[in-house]
Amino acid sequence: MAAVTPLLETRGLSRSFGGLKAVDRVDFTLQPGEIRAIIGPNGAGKTTFVSLVCGRFPPSAGKVIFDGEDITALPAHRRVRKGIAYTFQITSIFSRLTVFDNVALSVQRALLSGGGLATASLKRGAIEALERTGLADRAHETAGNLAYGHQRLLEVAMGLALRPRLLIFDEPTQGLSDGEIEGFVTLVRQIAQDATVLLIEHNMPLVMALAQTITVFERGSILAEGTPSEIRDDRAVQDAYLGASADDD
Amino acid sequence: MSGPAVRNDRPMAAALLHVAVVLVFVALQYVLPDYHRAVFSRVLVLAVFAMGYNLAFGYTGLLSLGHAMFFCAGLYGAGMTMSMLGWNVAAGLVAGIVCGAALALVIGLLALRTTGVAFMIVTLMFAQVLYLVILYFNEYTGGDQGFSLRPAARQLGPFDLTDPTTRYFAALALFAAALAVTLAIVRSPRGRVLVAIRENEDRVRMLGYNVFAAKLAAVVLSGALCAAAGATYAILFGYVGATFATIQYSILPLLWVLLGGAATALGPLVGTLFMYYVVDITSNYTTAYLLFVGVALILLVLYFPKGVLGTVRERWLPWLP
């Protein structure tokens, strides 16, 4: 594992909002092919951290290195072209366009980077992403009319269609039913066969089932990192989640 | 895209419709009385102005309040090179379009750093600057009096563009060209990105598109189309004046587009034609004709909130481009 170039690495990554240090000198490493979960209490800086990784806003300090290349100065759209895809915490689709058109925009971007934009491959790519997410029979529906669970899936399909090397999910199962969550687990396992997955999630059973490694954030820093069972048994993590420290008693 | 039922898309029907519209206008030339033929010539040119505006506002969602400056860039770009440098019609037209595109590039680079209300104010301000510049250099521009182009200068090869019939067909040719350009842009993959930017800019960025570059391209194309309308206006009607740089001529294309249907290819024509006649007819009877314009707008907002063609597309013809 040590010999492989990490897919993603951050060094001293920080971001302040006014006096608040939302992300504070985070050193983080992600190996290719991993499914990694980031957990932590609300306001721990998880979303801010992944936003810095995908370039939605610039860091106050520190570096982001993707596949051995320093991408700290690259704008978000260039990072997407390098292979970092982000799915939004709050569903962010083109609600007045059809499901097909939503995904076609992603496929089109991937094809433009690949050199040729042929109508046939555009259609094939879009249908493939919709089939993987089980939305193929809704291709012609207006995206905004989909049920919430399907909108979340569309969000995933848009990320998938970019053919990313790193796919970042920000609380993907929020608001989904148990049945939908089960389908999502299967989908992420499939995706992980040819992409690295970074997942922010609150649903602990899901995290325990999916992730190979878990990183715990608290107050903008990494509190702990390890396998699901290590994290489950970690005293500091239990304290962070339960709120009260046993030492104070 | 010929895939069955995947998209609400009927390219053949759309193409035939637009060819038919152009042919109807060809036929109208032989039917319309002189006065209305002259009105139609003017409306066709102004509709191109609205189509340019529609590209930025309707498709890309950029609400500019300064598009009069692009129309004027074409108007003065053609008018001044023809009257002062003695350029011919073709060179004047090209000069006008180049002026419009260049101005749009500069304004776009500056104004697109803002969004929403700030964008409206910045574009409004730049248009006002151009208006004052035109007045300030009245020695060359004729100030608010403007200047006329000599009929002798308004000849294109064998065609006399001061002749009403030739003028009508020249206006129609410009309109058909602008329609073809608009359709080519909005149906292209890049055009789909513009619509996506209007719908959800942040998402487009996170799909890997350079949003700023796409918007800048939309503004430059929009400016070039508006300038083509301005240049043609100068050439066909022979008058260049600062009235066209006033705020009124920035608001009008917005109203025409809203009336006809934002983000529809033919909406700008419908809106321009309708508005022109409402003003034309009511001003025969009363000086308070703006009252009727207001009433017409209120009725449209109530019954056709997406403009005439926008509503038609929503209810009956989903394939309408």
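User: Which residues are exposed on the other side of α5(B), away from its buried ones?

Analyst: Keep in mind that this is a predicted model. The buried residues of α5(B) are T123(B), A127(B), L130(B), Y131(B) and I134(B). They sit on the same side of the helix because they cover an arc of only 100 degrees around the axis. The exposed ones on the other side are V117(B), A118(B), M125(B), L132(B) and Y136(B).

User: What covers the buried residues of α5(B)?

Analyst: Start with the helix itself: α5 of chain B takes in residues 116-136, 21 residues in total. Its first and last C-alpha atoms are 30 Å apart, close to the 30 Å expected at 1.5 Å a residue. The cover over its buried residues includes these chain B helices: α3 (68-84), α4 (89-111), α6 (138-141) and α11 (248-260).

User: How compact is chain B, going by its radius of gyration?

Analyst: Chain B is built with 14 helices and four strands. For its 321 residues the globule rule gives 20 Å, and the chain comes out close to that, so it is as compact as a globular protein of that length. The C-alpha trace spans about 55 × 45 × 45 Å along its principal axes. The radius of gyration itself is 19 Å.

User: In chain B, what share of the contacts with a separation of 6 or more comes from residues 24 or more positions apart?

Analyst: As background, buried residues make up 46% of the 321 in chain B. Now take the contacts in this chain with a separation of 6 or more, and pick out those between residues 24 or more positions apart. Their share is 77%.

User: Which element of chain A gives the most residues to the side that touches chain B?

Analyst: On this interface, 23 residues of chain A are in contact with 19 residues of chain B. The elements of chain A giving two or more residues to its side are α2 (76-82), α3 (99-114) and α4 (119-132). By class, that side has eleven nonpolar, seven polar and five charged residues. The top giver, with six residues, is α3(A).

User: Which helix gives the most to the largest nonpolar core?

Analyst: This core has 169 residues, and those touching the most other members are V103(A), A157(A), I168(A), V48(B), F71(B) and A227(B). Take A227(B): leaving out residues up to four places away in sequence, its partners include F70(B), F71(B), G96(B) and I97(B). The helix that gives the most, with 17 residues, is α10 (residues 211-237) of chain B.

User: Is L199(A) buried or exposed?

Analyst: L199(A) lies in strand β8 (residues 196-200) of chain A. Beyond its neighbours within four places in sequence, it is in contact with I35(A), R36(A), A37(A), I38(A), F169(A), L210(A) and A211(A). There are 25 C-beta neighbours inside 10 Å, so L199(A) counts as buried.

User: R219(A) has a positive phi although it is not a glycine; what is the value?

Analyst: R219(A) is in the loop between β9 (213-218) and β10 (221-226) of chain A. It has 16 other C-beta atoms within 10 Å, so it is partly exposed. Its phi is about 45 degrees.

User: And what is the positive phi of A263(B)?

Analyst: This residue's place is in the loop between α11 and α12 (267-285) of chain B. A263(B) has 23 other C-beta atoms within 10 Å, so it is buried. Though A263(B) is not a glycine, its phi is about 60 degrees.

Methods: Residues are numbered from 1 along each chain as its sequence is written. Chains are lettered from A and ligands numbered from 1 in the order in which they are written. This is a predicted model: local features need pLDDT of at least 70, side-chain atom pairs count only at pLDDT 80 or more; totals for chains, interfaces and linings use all residues. The expected span of a helix is 1.5 Å times one less than its number of residues. A residue is buried if 20 or more other C-beta atoms lie within 10 Å of its own, exposed if 12 or fewer, and partly exposed in between; C-beta atoms are placed from the backbone. The arc is that of the directions from the helix axis to the C-beta atoms. Two residues are in contact if their C-beta atoms, placed from the backbone, lie within 7 Å. Ala, Val, Leu, Ile, Met, Phe, Trp, Tyr, Cys and Pro count as nonpolar, Asp, Glu, Lys and Arg as charged, and the others, Gly among them, as polar. The radius of gyration is taken over C-alpha atoms; the globule rule is 2.2 Å times the number of residues to the power 0.38. A nonpolar core is a set of buried Ala, Val, Leu, Ile, Met, Phe, Trp, Tyr and Cys residues joined through C-beta atoms within 7 Å.
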